[in-house]
Amino acid sequence: MTKSVGASEKILSKTTCPYCGVGCGVIVTRDQAGYKVRGNPDHPANLGRLCSKGAALAETLDDEGRMLHPQINGMQSNWDTAFELMARRFQRIITEHGRDSVAMYVSGQLLTEDYYVANKLMKGFIGTANIDTNSRLCMSSVVAAQKRAFGSDSVPCCYDDIDRTNLIVLVGSNTAWCHPVIFQRIRQAQKNNPNLDVVVIDPRKTASCDIASMHLAINSGADALLFNGLLKYLNDKGEVNKPFVDNCVEGVDAALNAAYDSSAEMLTLAKKCGLELDQLERFYALFARKEKVLTLYSQGINQSSSGTDKVNSIINCHLLSGRIGRPGMGAFSLTGQPNAMGGREVGGLANQLAAHMELENKEHRHLVQQHWQSPHIASKAGYKAVDLFEAILDDKVKALWIIGTNPAVSMPNNNRVKEALSHCEFLVVQDCMQNTDTADLAHVLLPASTWGERNGMVTNSERCISRQRAFREPPGEAMADWQIMSKFAQTIGHHDAFNYASSREIFNEYAALSGKENNGTRDFDISACANLDDKAYESFVPSQWPITFKNPVGTPRLFEDGHFFTPSGKAQMIPITPRAAVNPTSDKYPLILNTGRIRDQWHTMTRTGKSPTLSTHFSEAFVQLNPKDAQKYNILEGGLVSIRSIWGDVTVRAIMTQDIPVGMVFSPMHWNDQYASNALVDSVVNPACDPISGQPEFKHTPVSITPVKKAWYGFLLSRRQLNLSTQDYWNLNKGNGLWRYEIAGNETPKVWSDNARNLLCANEDNVSWMEYFDQSVQTYRAARLVGDKLESCIFISPNPRLPGRDWLMALFAKKSLSDKEKMFLLSGRSNDASEDAGANICACFGVGKNTIVKAIQEKHIDSVEDIGKALQAGTNCGSCIPELTALLKEAKKSVR
Ligand code: SF4
């Protein structure tokens with residue numbers, strides 16, 4: 001549902017969401033109450049829809065925690081001094097150790113123009129390909145696989161295919177949480193087309209299963225086996241598109257031979273995949289029967305030590321059956337970040353040149369160097385992300401410039417990455433936020449502008465290039481990333497090549513490069529944008545590349561003519577031999593750790609962690625596990641547990657669910673040292689990588705799980721942010737007008753009352769203090785009030801079972817507490833059950849679980865639509881619909 005702009009609101013900007021690769025268009029308005037963000041009905045990516053994260057963007061538009069000035073060794077400095085120091089240090093290191101001793105590590109959050117300047121600076125002017133991006137962690141396997149199959153990193157499909165297909169296969173993708181607006185579009189397509197089936201392939205039963213007619217809970221990592229089996233099945237059943245294969249595909253026999261070698265007969269194959277024979281047969285038959293098949297895949301496929309092969313195993317099936325290049329069909333990679341695609345286009349990976357040209361290709365190198373008029377051009381691939389941090393530890397890379405990313409949180413084997421960052425001779429971090437785990441280790445900090453303050457382009461999952469437009473000034477001395485890099489380049493003597501007056505000038509130069517000596521030989525061509533003037537750049541309409549003079553409105557679907565970008569012009573099927581994960585489970589580490597995103601947080605929480613709305617869905621770092629494993633390893637629901645691997649450990653809260661298969665645990669990637677005492681799950685993740693793409697294996701790390709026993713457990717709610725970093729266990733979370741801390745300790749304090757006052761910084765005279773202590777059960781509770789207004793409260797118990805936080809948190813919204821509220825305050829529960837809304841389910845309208853359950857029971861509601869009518873829940877972004885469906889199912893079960 002798109003909310004319309006109110007009469008008193010002023011439209012500030014039509015821009016795009018800064019989070020995931022769906023690339024939704026948003027409208028930003030402002031009225032007296034502040035900023036508002038809503039979906040743009042005219043943007044083709046979302047047609048007005050938004051998910052919970054996009055809908056809460058306005059809550060993140062403050063300057064709290066922003067980096068405001070350049071800093072050197074922790075002291076405020078200025079731009080000139082910072083650039084001079086950087087120039088001196090980079091030049092000395094290059095003189096002494098060569099060009100490859102310096103590196104950049106950048107981000108899919110950058111805009112295309114920033115990315116282009118970073119690449120030009122490193123590959124053309126500093127003269128090294130040591131620039132890699134955090135997109136290496138989420139989609140480099142797709143890049144490698146598409147280049148093998150198509151001769152180019154080309155996504156064949158478009159979102160419109162969702163509306164035109166008859167079978168959607170979601171594989172390794174919790175689309176409902178990670179690409180929610182795509183999920184909403186699939187849900188709508190299902191309503192419009194009763195013939196549309198959805199199959200989810202995932203070891204976990206995720207929220208995406210809500211719309212699935214079939215869930216294949218395959219064994220972790222069995223994807224290539226499953227798709228090799230499908231390839232064999234299609235061939236056996238005569239489902240080969242012979243005209244297409246004869247004219248447009250090569251490598252068929254080798255790929256089929258490999259598929260037959262790995263597939264065996266169906267029953268054995270089903271067992272190896274962890275499926276029932278019937279399930280396997282039904283899926284294969286469905287794929288064969290429905291010509292219009294769209295396979296949407298994401299990190300569950302890519303983040304594997306055989307991710308490239310897994311992607312090719314999917315593409316093979318589409319090539320053999322000719323399900324590509326036509327409406328409603330194809331293998332469609334969903335990108336993680338807002339501009340991961342743009343980064344690929346400008347050559348953001350260490351093994352690429354700009355505009356989809358190749359480092360190894362002499363003609364391409366010449367062409368790019370000529371265009372840049374640069375003194376150098378890198379001729380060999382630089383370090384990929386994981387190797388880059390190892391190269392720092394080996395003293396091969398001595399200076400690192402990190403831009404717009406937080407590798408101290410997001411890289412696997414994270415303790416070693418932190419060691420590398422600490423070891424680095426000269427570390428520059430350019431970011432919009434002052435306090436990140438990475439920024440904490442930098443010698444030089446450079447303040448960058450962020451979403452809402454910068455101008456440029458991004459490319460989403462369907463190759464659609466859109467504008468991000470500024471609507472507010474950056475705070476302090478923050479500048480656009482391209483400006484910072486250009487000024488540095490000029491400081492080291494490259495004045496003319498980086499003398500850009502605007503991001504538009506950069507985009508024009510880049511667009512011109514894409515068309516240079518192209519003539520249809522390279523997939524990426526946006527040469528029709530090479531002469532945009534300021535007005536045309538400002539009013540740029542979302543368009544899918546290629547955007548050429550012949551086809552200036554863009555190209556929704558690729559390969560419609562059956563021509564590919566390989567030397568022969570034919571697509572390549574790749575023989576795939578399925579491989580197991582690099583590190584198998586063992587007696588000591590018997591469980592598989594699977595990591596990923598949750599619905600309402602984004603990456604390392606630097607932006608979404610600011611939003612109270614987004615902090616309610618999951619407020620604490622956690623691990624999910626199957627109740628059978630919980631029983632086996634003596635884990636209690638809600639207890640603290642240690643997840644440990646060879647590489648590291650975290651302490652998080654245990655959540656039991658049948659949705660996780662026995663033998664696997666799932667923990668989200670978001671929490672870090674800014675939000676918790678020890679919850680950085682990437683410190684546990686193994687560093688194994690795909691040998692072709694260099695993408696790490698985030699979905700499969702052998703771990704153990706053990707209960708963590710503390711002397712006491714508690715929580716603390718406070719209007720003021722507190723420093724609890726000395727506590728044995730702490731987890732911080734932002735609420736509406738308060739900070740929420742979950743805490744636990746190894747030793748019971750001698751006097752709880754004194755300890756509580758210390759924790760709450762509550763030694764002022766003008767406060768009243770309510771306290772309750774039961775020595776027999778060591779339960780302590782206290783609240784601190786100024787007048788009748790609740791300032792803070794603390795609840796402590798020797799076991800983790802404590803009162804719910806929701807009613808107490810709601811009291812912080814009140815200017816004064818009533819006598820009755822004060823009376824019940826230390827019980828932690830309202831005397832009126834209806835006042836306790838329960839855990840937040842609908843982020844958009846703040847509707848809690850208890851409220852929904854009560855409405856279902858009392859109003860005899862039996863559909864999500866009726867929950868929406870009664871409570872509004874699920875009627876805005878729709879991200880909570882799978883959870884509403886689950887609550888309805890639970891309610892039905894309890895009635896029976
Ligand atoms: S799906 Fe959500 S996070 Fe992704 S771009 Fe759209 S609004 Fe942003």
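How many bridges join strand β27 to strand β29, and in which direction do the two strands run? I shall begin with that question, and I should say at once that the model before you is predicted.

The answer is 7 bridges, between β27, residues 712-718, and β29, residues 738-745, and the two strands run antiparallel. One position may help you to find the pairing on the screen: L716 has Y741 in β29 as its bridge partner.

These two strands belong to an open sheet of 6 strands, whose order is β28-β29-β27-β32-β31-β30, with antiparallel pairing. At the edges are β28, residues 729-735, and β30, residues 768-774, each of which pairs on one side only. From one strand to the next, the twist averages 10°. A helix also packs on this sheet, namely α24, residues 752-759. Helix α24 touches β27, β29, β30, β31 (779-786) and β32 (789-797), and its direction makes about 135° with that of β30.

Let me turn to another sheet. Here 3 strands form an open sheet in the order β1-β2-β3, and the pairing is again antiparallel. Its edge strands are β1, at 10-16, and β3, at 34-39, each pairing on one side only. In this sheet the twist averages 25° from one strand to the next. Between β1 and β2, the latter covering residues 25-31, there are 6 bridges, and these strands run antiparallel. Within that pairing, T15 has V26 of β2 as its bridge partner.

I come now to the ligand. Which residues lie around the ligand? They are C17, Y19, C20, V22, G23, C24, L50, C51, K53, G54, P180 and V181. Two helices, α1 (52-55) and α7 (180-192), each supply at least two residues of this shell. By character, the shell divides into 9 nonpolar residues, 2 polar and 1 charged.

My last topic is a pocket. The second largest pocket has a volume of about 680 Å³. Its lining comprises 24 residues, and those nearest the centre of the pocket are G520, P546, T548, K550 and F565. How does that lining divide by character, and what are the counts? It holds 7 nonpolar, 9 polar and 8 charged residues. For the shell around the ligand, I recall, the counts were 9 nonpolar, 2 polar and 1 charged.

Thank you for your attention.

Note on methods. Residues are numbered from 1 along each chain as its sequence is written. This is a predicted model: local features need pLDDT of at least 70, side-chain atom pairs count only at pLDDT 80 or more; totals for chains, interfaces and linings use all residues. Side-chain values use heavy atoms; hydrogens and water are left out. On a 1 Å grid over the protein atoms alone, a cavity is a set of points where a 1.4 Å probe fits but cannot get out, and a pocket is an open set with protein on both sides within 12 Å along at least five of seven lines; lining residues have an atom within 4 Å of a point. Grid points are joined across faces, edges and corners, and a volume is the space filled by probe spheres set on the points. Ala, Val, Leu, Ile, Met, Phe, Trp, Tyr, Cys and Pro count as nonpolar, Asp, Glu, Lys and Arg as charged, and the others, Gly among them, as polar. A residue is near a molecule or strand if one of its heavy atoms lies within 4 Å of it. Helices (H or I, at least four residues) and strands (E, at least two) are DSSP runs, numbered from the N terminus. Two strands pair if DSSP finds at least two bridges between them. Axes are lines fitted to C-alpha atoms, for helices over the stretch in contact, and angles run from 0 to 180 degrees between N-to-C directions. Contact means heavy atoms within 4.5 Å.
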